[in-house]
Amino acid sequence: MIRHLLLILAITFFLAPRCYTQIADTDKKLLDIIKQRGEAEVSIPFNNNKSLDIITRNVSILSADGNTIKISLSPITVNWFLLQKFEYKISDNPDSKGIISAMTVARAMEWETYPTYTQYDSIMQSFKALYPSLCKLETIGTSVNGKLVFALKISDNASADEDEPEVFYSSTMHGNETGGFILMLHLADYLLKNYNSSSSVRNLVDNLEIWINPLANPDGTYNSGNIMSSPGRYNANGYDLNRNFPDPFTPNTVMQKETIDMMNFMGKHRFVLSANFHAGVEVVNYPWDRWLSKLHADNNWFNSISRAYADTVHVYSGPAYMNYLDNGVTRGSVWYVVYGGRQDFVTWELQGREVTIELDDTYVTPAAQLALLWENNRRSLLGYLENALHGIHGRTINNVTSEPVPAKIFIAGHDTDSSHIYSDTLTGSFVRMLSPGSWDLTFSASGYQDTTIRNIVLPAGQKIYLTVKMEPATSGIDTTVPAAPALFPNPARNEMKALLPDIFTGSVNVRIYNYTGVLLSDFNSLMQPGVPLLIDVSILPPGIYSAVFSNKVNRVSGSGRFVVIK
């Protein structure tokens, strides 16, 4: 017995140091990989949903099933990960051998190779030059390293701001998920080239303002310079841009430049429908990412448009493509919970409707597979945009003057968790996409009586148009907006200034709302001609807000949107 005990002690003595050495060696290897590549992928055993929630709050989860959680680590998150003492396995470096760089712009525009960054710039400029009436090129902003983040507008009268629904496609906010980058360039090329020959393309371009952002994270994709060779997930500061947006209940503390620029761009346009494109699996992911316990009010509609995208893919692809989870469709949180994701930010804060489309099991789609990726998704890309042409469309106007009225539009007993929408401040136009059925819409605006239109029968795949005449309240409040207040700096950090038209001179009430419609601040100030009002925004968390100004004597009012950053 004593001999056996001594043997066990001897084995423990010799094996324990070896075990600790192995752990230290693995940790050192992980740190070396991150130092060299800027990121690393590991997998850990799945324990339970509670531990999964802690993990997703601190690192970027790539996927999760009942057995394994795959995680991406950056210099910012690796130390937290190591402190948790997880049992983990380092994954192989994602294969980038399939990257073939185009020798010329013309070769790149055959969409079967990857452009250099300068070629990408030239391609975007060429769209504008070749199709000046259909195409407008803007920049959302610049990356940390100064690369341009482009947005291409395609519409039948691209230079004008027409009263048409705006839609948005954006790709590769994870810089190593590259297939969507080429897919978006190919889509822009297809829409422009086929405008005069395809009735379905013409219908989209004539009736929508289509915005395409092929590359949201150029520093990640071109992290080694002008040529794409070993693209990385994160931005130049090591942040995951799809975990960096303001979360309704878990505010982010360090918002990146690319995130702020994108928030400003989307806040300005208020897209009625959008999608962002990724890779790593093959599935259409719809809100909510943030909550497992609650459904979006329009969950059935979200599921149906996601199902339509995946099912259309199935018709034109091989049997093994986009069949992950529920045959290519999932509600995000059922897969795994994400905090700070763009999809939920757009849907909650901006009252938009956004899905996340995972295009490929491989992060870097091999150049040889780019043509197939296009053929698998082309019809789905067009069909998804058509959703913005369906539903209940219309305008809210003053019944006396016919001037536009910015109104909140909601469905009593249906809308929850910021699922309502707003009509446009300048035009009064709105689009409410809904499942087929009979709906009662209520329209509410400051200075007007609530108006409810009942039993609006919406057939599947159809559009109903309403002109909603809002009756001014009997108080005689003048709701005319004399001019848009000038808010600056915008974005603001601690203090913002509001320059109001002279008609506001005197006692002015100022109210600050977040985009869920919650009143956050209500105070009075004295406005003098040509002198800006000072507004303290230091206590507001990062996000997009509305400021409403009302003169207490003549009852004129005006409003503006602004962004707070930290």
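1. Is Ile-23 buried, partly exposed or exposed? In this predicted model, Ile-23 sits within helix α1, which runs over residues 2–37, and it counts as partly exposed because its relative accessibility is 44%, where the partly exposed class lies between the limits of 20% and 50%. As a point of reference for distances along the fold, the C-alpha atoms of Ile-23 and Ala-368 are 40 Å apart, with the two positions 345 residues apart along the chain.

2. On charged pairs, the model holds 21 salt bridges under the rule applied here. The pair of Asp-417 and Lys-294 has an N to O distance of 3.3 Å. Asp-417 belongs to the loop between β14 (408–410) and β15 (421–422), whereas Lys-294 belongs to the loop between β10 (282–286) and α10 (299–316), so this salt bridge ties together parts that are 123 residues apart in sequence. Both partners are partly exposed, Asp-417 with a relative accessible area of 23% and Lys-294 at 24% relative accessibility.

3. Asp-417 deserves a second look for its backbone, since this residue, although not a glycine, has a positive phi of about 50 degrees. A comparable remark applies to Thr-172, a residue other than glycine whose phi is positive and near 60 degrees. Thr-172 is found in the loop between β7 (166–171) and α6, and it is buried, with a relative accessible area of 1%, whereas Asp-417 counts as partly exposed.

4. Two further salt bridges may be checked alongside the one above. Asp-311 pairs with Arg-307, the closest N and O atoms lying 3.1 Å apart, and both residues belong to helix α10, where they are 4 residues apart, about one turn of the helix. Asp-311 is partly exposed, because its relative accessibility is 32%. Elsewhere, salt bridges with shared partners join Asp-298, Arg-353, Asp-415 and Arg-432 into one network. Glu-138 and Lys-136 form another salt bridge, with 3.1 Å between the closest N and O atoms, and Lys-136 counts as partly exposed because its relative accessibility is 30%.

5. Helix α7 (residues 199–207) has Val-201, Leu-204 and Val-205 as buried residues. These three lie on the same side of α7, because the arc that they cover around the axis is only 90 degrees. The elements that cover the buried residues of α7 include the strands β6 (148–154) and β8 (209–213), together with the helices α6 (179–193) and α14 (370–386).

6. The packing of helix α9 (residues 257–269) with helix α13 (residues 342–349) can be described in some detail, since the two axes come within 12 Å and cross at roughly 35 degrees, and the crossing is right-handed. On the α9 side the contact is made by Met-262, Met-263 and Met-266, and on the α13 side by Arg-342, Phe-345 and Val-346. By residue class, this contact divides into 5 nonpolar, no polar and 1 charged.

7. Two cis peptide bonds should be noted when the backbone is reviewed. The bond from Pro-287 to Trp-288 is cis, with omega near 5 degrees, and Trp-288 is found in the loop between β10 and α10. A cis peptide bond also joins Asn-490 and Pro-491, with omega of about 15 degrees, and Pro-491 is found in the loop between β20 (486–488) and β21 (495–499).

Notes. Residues numbered from 1 in each chain as written. Predicted model: local features only at pLDDT ≥ 70, side-chain atom pairs only at ≥ 80, totals over all residues. Heavy atoms only, no water. Salt bridge = Lys/Arg side-chain N within 4 Å of Asp/Glu carboxyl O. Buried < 20%, exposed > 50% of the residue type's maximum accessible area, 1.4 Å probe, protein only. Helix = DSSP H or I, 4+ residues; strand = E, 2+ residues; numbered from the N terminus. Arc of directions from axis to C-beta. Contact = heavy atoms within 4.5 Å. Axes fitted to C-alpha atoms, helices over the stretch in contact; angles between N-to-C directions. Left-handed = near helix turned anticlockwise from the far one by under 90°. Nonpolar A, V, L, I, M, F, W, Y, C, P; charged D, E, K, R; others polar.
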